[in-house]
Every structure is written in C-alpha cells, then in structure tokens.
Amino acid sequence: MSGKKILNLLLIPILLVVAIVSQLRQQPAMAEDFTDVKAGYKYFVAISYLKNNGLIKGYEDNTFKPNQKVTRAEALKLLIGGEIEEETGEQPDQQIDPQEDISKRPFTDTPLNKWYIPYLITAKENGMVNGYPDGTFKPDNTINLAEMLKIYLESIAETEGIVFETKESNLFNDTPLDSWYTKYTAYAGEKGIINIYSNNTINPEQELTRGYLAEIIYRMEMSKQGYVFGKASWYKGRKDDSTTYTTAHKTLPWGTIVEVTDLSNGKTVQVKVNDRGPYVPGRVLDLSKVAFGDLIEPSLGITTVQFRIISTP
C-alpha cells in the first residue's frame, strides 16, 4: 500500500472526530479531570475543548502536564494518529531480524519495533519529515515550533486545500525569507494559530509544550468556523451613545458586533466596533475597560482571546 493511502487511512479517525466537533457548541466544557489545568491557565479553553471532544488524553493520574515538552516521536503520534497520550516502549509481539531491522529503518536511529514506526514511515514517505544530515531522526529530542508546523500543516494540506505562500507581508522578524520553515510559519501566522509577540517575532525554534501544541490544533479547527485569534488589550474606549461595551479593530466596519472569549477562562462578552486599532503585532482588539474587565482583571493589561462576528451593520 502506498504511503499516501496509509496516510489517508490514518487520518480517517481524526477527520471524523473533527467533523463531529464542528457541529458542537463553541463554548468549551471544563477540563475537570485534569487536575493541573484550571481556569486562568493560558491554554485552558483549548485543552478543555479538545479533551471533552475526545481529541486529547492525559495521564493515569488525571493530569495533562501542559508544560511538559513534546518529543519528535510524540508529535508524530498526535499529528498523524490523532490524540495526545503517553507512548513508550516497543510494539508488542514483533520479532524482527536484526539485519532486516537495520536495512529497513526509516532512519538509522529508529528501530522497526518502536511504537512510533508506523507514523514515522508515513510521515517520511509523504515528505513531512526529512531527518538530519547524518541520517538520524532523533525521535526522543524535543520538537520545536517550526518542525511541528511542517508536520502538522503538510499532513492536512491536501485535505484542507492549503496553499503555502511566502510574502514580505507575512514574514516575522525571526523568520528569514530563505528559511526552510518560513512558508509554514507564514501560513500559521496569517491564520492566527500561533502566538505572535509584540516585537513581531514567533520564536520558531522554541521547544514545544503539550499545552501549546493543543492550543495550535484548537485554533486551527476553530479558525475554520470563523474565529480569529490574538491578543486583546484595553483602553478608555471611544465614546458611544448606545453602549460602553466597545472595541477597536483595524478593519471591521463600525457597528459590527463581535463575541470575544478569553482563552484562559472561557468568559465571553459581546462588543461593538467603534474605533480603529490596535497596531501592535499579534494584537487583534483594543477593548473598552468595562468589556475587558468582564473577561479578566484589567490590571493584567493584556490577554489572549478568540472572537467571531455576530452581526454587521
């Protein structure tokens, strides 16, 4: 069976789940079973949503370990196999001739009896991973943001009709035009599925945590339903005769009503666009103080949100 057919078969379960998830209410249920993911944690909404819709699993002690780093092998399991869970060891009851093992390994450091081999073979045959110049894959190394974006976006590119374009307008200060990963970071930035910092950087070589990985997958799925992601700040607001719940946005028509959800706690507020801004990289809304205060403590100054259009004038 060809690598492309294997990939399609592996993707069927996650695509079916995603199709079901897209029909559900957008407000996340609480991730009560994860004792280490509480309201106020920056990836609370993403982890709660994915858990309650069967897309992620935790550990036997009911923790998720959101700050734990993700290995390159674990990332393959999630992004191709469709769930986050702990995986270790070898494939059971599999006897492999030592000579055959060496000759057929996808990479020199990936024995055929390891649990991740089916995912690694599929990923290599479909151009999602290339390994290192010395012929190794380093499956136990922590994966970084750029590497993960390549695997994830290549795995869904055909299904989602993704076209990768690299333009000056979608570059960041730390993603050079000639870098191998820039087409992936450019797409991710335009879709708003990664964190963009105020100095217009994304830190593509940062080691990925389980929490951030869950956040990226959540944002990608919700972006298909019209949600936009980024940072929100607050200011005194532009006076409006009809409401104090207002926001500035760079392009939406004045009078547009948007629903804003804080991604650290799931709290939601509706606001009216009546001003322009903000103009800081990664920032999508400038809320009035009263609206911001309904989401989170104003003294924090800034928070991560998702928003969608409720109505237009």
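Here are some questions and answers about this predicted model.

User: How many helices and how many strands does the protein have?
Analyst: Let's start with the overall make-up. The chain is 313 residues long, and buried residues make up 51% of them. Its secondary structure comes to 9 helices and 6 strands.

User: What share of the contacts with a separation of 6 or more comes from residues 24 or more positions apart?
Analyst: For this one you look at how far apart in the sequence the touching residues sit. Among contacts in the protein with a separation of 6 or more, residues 24 or more positions apart account for 70%.

User: In what order do the strands close into a barrel?
Analyst: There are 6 strands in the barrel, and their pairing is mixed. Neighbouring strands are turned by 45° against each other on average, if you ignore direction. Going round, the order is S1-S5-S2-S4-S3-S6.

User: Which residue in S4 stands opposite isoleucine 257?
Analyst: Strand S3 covers residues 257-262 and strand S4 covers residues 268-275. The two run antiparallel and are joined by 5 bridges. Opposite isoleucine 257, in S4, you'll find lysine 272.

User: Is H2 roughly parallel or roughly perpendicular to H8?
Analyst: Helix H2 spans residues 44-52 and helix H8 spans residues 210-223. Their axes come within 8 Å and cross at roughly 75°. Angles of 65 to 115 degrees count as roughly perpendicular. So H2 and H8 are roughly perpendicular.

User: How many nonpolar residues are in the contact of H2 with H8?
Analyst: On the H2 side you have Val45, Ala46, Ile47, Tyr49 and Leu50, and they meet a group in H8 that includes Ala214, Ile217 and Met222. Sorted by class, this contact has 1 polar residue and 1 charged residue. The nonpolar count is 9.

User: Which strands does H8 touch when it packs on the sheet?
Analyst: Besides meeting H2, H8 packs on the sheet. Its direction makes about 95° with that of S1 (228-235). The strands it touches are S1 and S6.

User: At what angle do H6 and H7 pack?
Analyst: Leu149, Lys150, Leu153 and Glu154 in H6 meet Lys183, Tyr184, Thr185, Tyr187 and Ala188 in H7. By class, that contact has 5 nonpolar, 1 polar and 3 charged residues. The two helices are roughly perpendicular to each other. Their axes are 9 Å apart, and the angle is about 75°.

User: Which residue forms a salt bridge with glutamate 147?
Analyst: A search of the whole structure turns up 10 salt bridges, and glutamate 147 takes part in one where the closest N and O atoms are 3.1 Å apart. Glutamate 147 is buried, with a relative accessible area of 14%. The partner is buried too, at 7%. That partner is arginine 72.

User: Why does the pair of glutamate 147 and arginine 72 tie together parts that are apart in sequence?
Analyst: The salt bridge joins glutamate 147 to arginine 72. Glutamate 147 sits in helix H6 (residues 145-160), while arginine 72 sits in helix H3 (residues 72-81), so the pair ties together parts separated in sequence by 75 residues.

User: Is glutamate 190 buried or exposed?
Analyst: Glutamate 190 meets lysine 167 in a salt bridge at 3.9 Å, N to O. Lysine 167 is in the loop between H6 and helix H7 (182-191), and glutamate 190 is in H7, 23 residues apart. Lysine 167 is partly exposed at 38%. Glutamate 190 has 52% relative accessibility, and over 50% counts as exposed, so the word for glutamate 190 is exposed.

User: Which residues join into one network with Glu160?
Analyst: Glutamate 221 and lysine 224 form a salt bridge, with the closest N and O atoms 3.0 Å apart. Glutamate 221 is buried at 13%, whereas lysine 224 is partly exposed at 37%. Through salt bridges that share partners, Glu160 is joined into one network with Glu221 and Lys224.

User: What is the relative accessible area of isoleucine 121?
Analyst: Isoleucine 121 belongs to helix H5. The buried residues of H5 (residues 117-125) are Ile117, Tyr119, Leu120, Thr122 and Ala123. Isoleucine 121 is partly exposed, with a relative accessible area of 29%.

Terms used. Residues numbered from 1 in each chain as written. Predicted model: local features only at pLDDT ≥ 70, side-chain atom pairs only at ≥ 80, totals over all residues. Heavy atoms only, no water. Salt bridge = Lys/Arg side-chain N within 4 Å of Asp/Glu carboxyl O. Helix = DSSP H or I, 4+ residues; strand = E, 2+ residues; numbered from the N terminus. Buried < 20%, exposed > 50% of the residue type's maximum accessible area, 1.4 Å probe, protein only. Axes fitted to C-alpha atoms, helices over the stretch in contact; angles between N-to-C directions. Parallel < 35°, antiparallel > 145°, perpendicular 65-115°, else oblique. Contact = heavy atoms within 4.5 Å. Nonpolar A, V, L, I, M, F, W, Y, C, P; charged D, E, K, R; others polar. Pairing = 2+ DSSP bridges.
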